[in-house]
Amino acid sequence: MKQVKAKKQLGQHFLKDEGTAARIAATISEGELPENARQWGEIPVLEVGPGMGVLSKYLIDTGRPLKAVELDTESVEFLQKVYPSLDVIEGDFLRMDLDDVFPGEFALIGNYPYNISSQIFFKMLDYKDKIPVVAGMLQKEVAERICSGPGSKVYGILSVLLQAWYDCDYLFNVNPGVFAPPPKVMSGVLRLIRNSRTELGCDPVLFKNVVKTSFGQRRKTLRNSLSGLIQPGSQAADMEILSQRPERLSVEQFIELTKAIEGK
């Protein structure tokens, strides 16, 4: 059967290595999940960007309810012919209402298009109470950024916003040679598991604004970068951490800072 042509504008790099595909699929299986997350090893799965289905094949083999969302019409036609049992949704993941995909919880997985990977994870946060497990492959530096902690040069907005709700683990590297066409960068596979937090204890919109504003001027101290949000004489104005740069603060410290700005 004719292969799908990778489209640069869609950021397509098709995984061709079967061993890597099997390894990625296993990251959300009951046997591979940490003991505290085993209960999510049998929930339905949504795959983003299946391409030619090299990962889909191993997800189908698990027997779990599976749907795949694909924007590329050529890929959709290929998948429908090669994997007729696969429920393929033709559409843009970033524009989808995920409540319409599965009524309850589901796992999210994919070889995520590198050009929109950050947007995918920001959208996932909007459905965090439906998505207890997330795994997949993306550009190595983005995967490292998501999983990095305070003090790291790559710790940033995605790190804080995702780690507020998920335990994030970088699992393994993937070399460019296992793709067609090969990307110019290394890839990395990660897994995110929903933590026990049910609320931040502060305004989530303000929290996001504080984090984004802080890292938007990451070379400045928080006192300078957040000057537009902190009222003189307020509780927040006297906090010692304002002398720090944003990459030094933990998630909990960002939450406490947001509470103080909010006046809680």
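Helices, in runs of at least four residues, and strands, in runs of at least two, are DSSP assignments numbered from the N terminus. With those labels in hand, a walk through this predicted model can begin at one residue, Lys130, which is found in the loop between helix H4 (117-126) and strand S6 (133-139).

Is Lys130 buried or exposed? Its relative accessible area is 14%, and since buried means under 20%, Lys130 is therefore counted as buried. The side chain of Lys130 has polar company there. It reaches the backbone oxygen of Pro103 at 3.3 Å, and the backbone oxygen of Gly104 lies 3.2 Å from a polar atom of the same Lys130 side chain. Once neighbours within four places in sequence are set aside, the residues in contact with Lys130 are Leu98, Asp99, Phe102, Pro103, Gly104, Glu105 and Phe106.

From this loop the view can widen to the whole protein, whose secondary structure comes to 9 helices and 9 strands. In which order do the 7 strands of the open sheet lie? The order is S4-S3-S2-S5-S6-S9-S7, and the pairing is mixed. Strand S4 (87-90) and strand S7 (166-174) are the edge strands, each pairing on one side only. From one strand to the next, the twist averages 20°. Helix H4, met above as a neighbour of the Lys130 loop, lies across strand S2 (45-48), strand S5 (107-111), S6, S7 and strand S9 (187-194), and runs at about 165° to S6.

One part of the sheet can be followed strand by strand. S2 pairs with S3 in the parallel sense over 4 bridges, and strand S3 (residues 66-70) pairs with S4, also in the parallel sense, over 4 bridges. Val69 of S3 helps to trace this path: Val48 stands opposite Val69, and the bridge partner of Val69 in S4 is Ile89. Within S2, Val45 and Glu47 point one way while Leu46 and Val48 point the other way, and all are buried.

Past the end of this strand comes Gly51, found in the loop between S2 and helix H2 (54-60). With a relative accessible area of 4%, Gly51 falls under the 20% cut-off and so is buried. What does Gly51 touch, not counting residues up to four places away in sequence? The answer is Phe14, Glu70, Ser75 and Leu79. Gly51 and Leu15 are 36 residues apart in sequence, yet their C-alpha atoms are 8.6 Å apart in space.

Another loop, between strand S8 (179-180) and S9, holds Pro181. Most peptide bonds are trans. The bond from Ala180 to Pro181, however, is cis, with omega near -10°.

Finally, the overall dimensions can be considered. The C-alpha trace spans about 70 × 35 × 30 Å along its principal axes. For 264 residues, a compact globule would have a radius of gyration near 18 Å, so the 20 Å of the protein agrees with that expectation. Buried residues make up 52% of the 264 residues. Among contacts between residues at least 6 apart in sequence, 67% join residues at least 24 apart. The protein exposes about 12,500 Å², of which carbon and sulfur atoms supply 48%.

Notes. Residues are numbered from 1 along each chain as its sequence is written. This is a predicted model: local features need pLDDT of at least 70, side-chain atom pairs count only at pLDDT 80 or more; totals for chains, interfaces and linings use all residues. Side-chain values use heavy atoms; hydrogens and water are left out. Buried means under 20% relative accessible area, exposed over 50%, partly exposed in between (1.4 Å probe, protein chains only). A polar contact is a pair of N or O atoms within 3.5 Å; within protein, one must be able to donate a hydrogen and the other to accept it, and residues adjacent in sequence count only if both atoms are side-chain atoms. Contact means heavy atoms within 4.5 Å. Two strands pair if DSSP finds at least two bridges between them. Axes are lines fitted to C-alpha atoms, for helices over the stretch in contact, and angles run from 0 to 180 degrees between N-to-C directions. The radius of gyration is taken over C-alpha atoms; the globule rule is 2.2 Å times the number of residues to the power 0.38. Accessible areas come from the Shrake-Rupley method with a 1.4 Å probe; for residues, only the protein chains shown count as cover.
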